[in-house]
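Here are my notes on the model you sent over, jotted down point by point. Have the structure open while you read.

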Amino acid sequence: MSSLMLRGGRVIDPAHAASGQRRDLAVRDGLIVPAVAGESFDEEIDAEGCVVMAGGIDMHTHIGGGKVNLARMLMAEDHRDGSNPIAPPDNPLELASCGSCTPGTLATGYRYVEMGYTSAFEPAMVPSNARHAHMEMGDVPILDHGAYVMLGNDELFLQLLAEGGPQGRNFAQIRDYTAWTIGASKAMGVKVVNPGGISAFKFNQRKLDVDELHVHWQVTPRQVVHTLARALRELGVPHPLHIHGSNLGVAGNIGSTLETIAALEGLPAHLTHVQFHAYGNEGPKKFSSAAVQLAEAVNANPQISIDVGQVMFGQTVTASGDTMRQYAQSGLASPRKWVGADIECMAGCGVVPFRYREQSFVNALQWTIGLEVFLLVRNPWQVVLTTDHPNGGPFTSYPHLIRLLMDRSFRDEQLAKLHPEVAANSGLRSITRELTLDEIAILTRAAPARLLGLHDRGHLGVGAAADIAVYREDGDREAMFRTPEHVFKDGTRVARAGRVTATPVGGTHFVEPGFDPAIEQTLRRHWQAHGAIHFDHVAIGRDELCRCCNGGRLLPAACFEGAA
Amino acid sequence: MTDTPALSSADGRPWTCPYCPLACDHLDVAVGAGVQTLTLRGGVCARASAGLAQVVDHLTSAAASIDGHPCDLDGAVQAAAGVLAASRQPLFGGLGTDVAGARALYPLACATGAICEPAGGAALMHGLRALQDRGQFTTTLAEVRTRADLIVFVGGLPNDLAPLIGLRCGIGDAHVPRRRVVALGAAPEDQAVLDAWAGQGGVEVEALPLQGDLFDTLSMLAVLVGGRTLAAASPALQRLAMRLREARYAVLVGAPARLPAQGAMLVEVVHHIVGSLNRSTRAAALWIGGGNGVATVNQVFAWLSGLPLRSRRGPRGLEHEPWLFDGVRLLSEGAVDAMLWVSSFDAHAAPPSNRLPMVVLGPPRLAARCARSDGPTVFIAVATPGVGSDGHLFRTDGTVLMPLKAVFRDHLPTVADVVGRMTSALAGAGRVAA
């Protein structure tokens, strides 16, 4: 292994005191080590005039798995330039791979790394599709990765919930099933999508509010959310329940979003792409911003974290597990085509192409709502920067988004270009806050690492993994964050001035919470009676995970103490 | 061979059959002693038995050859790399391999600018073109098994492609107490299968003739399902439309390989019917196909590059040409000057007739089918995933990636091994992506 000294950079490391000071940063054998005077290093880099941050962590980005690949196949036009092919890479280290909103896995790795990101997490892994998801993530070069497994719409979970009654008499069984599923699919956490709603759609139910009964199982989204959040808490899984709430995209859905927070009864949780869940129904168009109410709820509930799912203008594709809501939105598809699927009595998916337009009242309002949420939540440790790639826009738009958050005059200029009613009336006009470099580092590295329980990532303290991005100071924050001078992954230089310089295989983060093995009897019976795969084939072992992930390192995370 | 220990069941994991798109894992393989014989256990399946019967362990004969002359693996790899290095436009055909093989093929395809086209490419394109143009709404085997109260096999039963389709769709299961199965455009031989299904209880079966051809029939059905009247439609078709509208969860099952030219149009009509039904009730499509690794390689290439098969990394970038890159046409027009043919599952899948320099990767028995006198041929025997090596293969519904396990050690390299060595040899010879 090698050693490296970064001299004289401004180290932005909000996880530690004295962030923002100019200091040296030393790396040895892939780790940050104390900078001791007089020691020699294999390489010394003059970081004068540069900002040094930990590598970026995207904790909610659809980078791999069944629906992502369906999106690639659906969006053939995303992989050509009009009638011409997209020019091949001029870098011999890169294999050909293309696409903007649906990039190939290879392009995904290259483009993230060029921006200074070193980890990405797939948020919607269907249990029956877990091998596929890990294969794709294994083929995303350089980045470490992990995934949240989808629960709460599988018929077994809903059946158990129904059997337990309102008192949750069989809670221990559900908790064991949750733990088993996380370990079997080698996930980093659990995501619930439209709690109960994906299943309900298979029974021809077209909407499901937080206290509405699932037409078949007679349970409510409130019960689903609370039970899963409690299970994860008791299991000691570092990342709390990742919630894609009810009624995504529906005008007035702030009510169900606040009810979902209430359903947690103080349990920790992460509400994802909240921009899509912060809509009021006021005004002449019955569609309004509820960012203030959402931010107030987040400010009042320190155990809640969010990512935003910012909308960016242009062509993208929405890829979601929420079949019920994607079906409802499919009439808005642009171009006019979409994909849906019911999946293995566990999940579903919907892929709907979409073009966000500046002159659309709704799209312009969505854009302002996302920015308002970013700027109105007081504690940056509760917020993560995402576009819910590709749902709000491709991840390559992050530098632009960072400039919008850091530069008020730029933000106001962009706002003025939008639909006139939005430009004239948006509450965003009166928000003066500009995020600092420290705050950006929290939103893009430190907070996601903390929310995922990654103790050695997202910061630059001694002992941390040497995932480092070095940005040249520039008043144009978009340009600055677009092309870091240097990017290091575990101490290896992987990009230089926007060009990939090495393509190591990334590692896989996962957790394996404990459970009572008696649950396997129940599961075995269930699979025999309802499944389409042998029960002994469901779980992915560590050796197989290694093959799926292309031989990358396995990075098991510890569960916290106090688990039941 | 003396050291071909049976592995089946040894590690407790079930065996996954790699020989049809259903990738069943409720069967098992008995490994005979001495001269290797593999016998299906735990059920009956004509395709599984036929697949296992191809397997031989007589590896005392050469595992590699050049123009029929035995050689060692290194020599064969060098010769294969030479064929590709000398080619200005190679075709990678067959593409019968698993995820690991596909992962290895992609860098080689990039390095050589090869056009990649699977065996049965036309059938793959029926589904893909429909998806690219209009999208789809599909379902999976467990959903069909537990939910479908009406299953319509469009264009007859696909039992030749997937013999256990009835079992895997839950026909005869108690989950759905009154299930109706309709074979629309049934072949005469379908009747016996339908009768057997009817005998399992709880299942009503019906064979419906086409009214005109499949295009005519489905078009009329689409109109009827959409709620319009069509006096020209037969009473049977009218009744089917009504049943589709009344079903709680109807599934339309089809097999792209059975569809005629322009089959994408038929796939679109099926999806249109599903879309109409979903306005008021629930319905979905299920497509049976993509076996022999075709769907798997398509998925892997799509995720790596962003583009599905019938693509190449050309001088101007990645090109996807669903019409131009039809392998049969490229061969007949002389548009390619070398071929790499991969068929690790099917020892009968010989490459299409050609006189080009050719590299073939396949089971040992494929060697005899590639013998020719009018073109140089490098043959390298490879393991069959799920028989001679572990691996991963997509099931027909595209969402479940099945793990494959070896049932005996055949001492053959995998496609991934051989292709990886070919890529290294090519790079060593100085030919890399420009």
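How many residues does the contact take from chain B and from chain A?

1. Let's start with that contact, keeping in mind that this is a predicted model. Chain B puts in 53 residues and chain A puts in 52 residues. On the chain B side, helix α5 (residues 141–147) gives the largest share, six residues. Sorted by class, the side of chain B that touches chain A has 22 nonpolar, 19 polar and 12 charged residues.

2. There is also strand pairing across the two chains. Strand β18 (residues 338–343) of chain A and strand β7 (residues 135–138) of chain B run parallel, joined by four bridges. If you want a spot to click on, try A341(A), which sits opposite T138(B) in β7(B).

3. Now chain A on its own. Chain A has 18 helices and 26 strands. Its radius of gyration is 23 Å, close to the 24 Å that the globule rule gives for 564 residues, so chain A is as compact as a globular protein of that length. The C-alpha trace of chain A spans about 70 × 55 × 50 Å along its principal axes. Of the 564 residues in chain A, 60% are buried. Looking at contacts in chain A between residues at least 6 apart in sequence, 76% join residues at least 24 apart.

4. A strand to look at in chain A is β10 (residues 144–150), where seven of seven residues are buried. D144(A), G146(A), Y148(A) and M150(A) point one way, H145(A), A147(A) and V149(A) point the other way, and all are buried. Strand β9 (residues 117–125) of chain A runs parallel to β10(A), with five bridges joining them. In that pairing, S119(A) has D144(A) as its bridge partner.

5. Over to chain B, which has 14 helices and 19 strands. Does its radius of gyration agree or disagree with that of a compact globule? It agrees, because a compact globule of 434 residues would come out near 22 Å and chain B has 23 Å. The C-alpha trace of chain B spans about 65 × 55 × 35 Å along its principal axes. As for burial, 61% of the 434 residues of chain B count as buried. Among the contacts in chain B with a separation of 6 or more, 68% come from residues 24 or more positions apart.

6. Chain B is also split by the domain assignment. Domain 1 of chain B is made of 64–119 + 292–389 + 406–428, and domain 2 covers 125–287. The centres of these two domains of chain B, taken over C-alpha atoms, are 36 Å apart.

7. For a covered strand in chain B, go to β8 (residues 150–154): five of its five residues are buried. L150(B), V152(B) and V154(B) lie on one side of β8(B), with I151(B) and F153(B) on the other, and both faces are covered. β8(B) has parallel pairings with strand β9 (residues 179–184) of chain B, over five bridges, and with strand β11 (residues 249–254) of chain B, over four bridges. I151(B) takes part in both: its bridge partner is V181(B) in β9(B) and V251(B) in β11(B).

8. Next, helix α14 (residues 415–428) of chain B. Its 14 residues should span 20 Å at 1.5 Å a residue, and the end C-alpha atoms are 20 Å apart, so the two agree. Buried residues in α14(B) include V415(B), A416(B), V418(B), V419(B), M422(B) and L426(B), and R421(B) is buried as well. Among the elements of chain B that cover these buried residues are helices α2 (73–85) and α3 (99–112) and strands β15 (338–343), β16 (358–362) and β17 (377–381).

9. Last, a cysteine. Where is C370(B)? C370(B) is in the loop between α13 (366–369) and β17 of chain B. C370(B) counts as partly exposed because it has 19 C-beta neighbours inside 10 Å, and 20 or more would make a residue buried. Leaving out residues up to four places away in sequence, C370(B) touches A350(B), P351(B), V360(B), T377(B) and F379(B). From C370(B) to V251(B), one of the strand partners in point 7, the separation is 119 residues in sequence and 41 Å in space, C-alpha to C-alpha.

Methods
Residues numbered from 1 in each chain as written. Chains lettered and ligands numbered in written order. Predicted model: local features only at pLDDT ≥ 70, side-chain atom pairs only at ≥ 80, totals over all residues. Domains from an automatic or database assignment. Contact = placed C-beta atoms within 7 Å. Nonpolar A, V, L, I, M, F, W, Y, C, P; charged D, E, K, R; others polar. Pairing = 2+ DSSP bridges. Rg over C-alpha atoms; globule rule 2.2 N^0.38 Å. Buried ≥ 20, exposed ≤ 12 C-beta atoms within 10 Å, placed from the backbone. Expected span 1.5 Å × (residues − 1).
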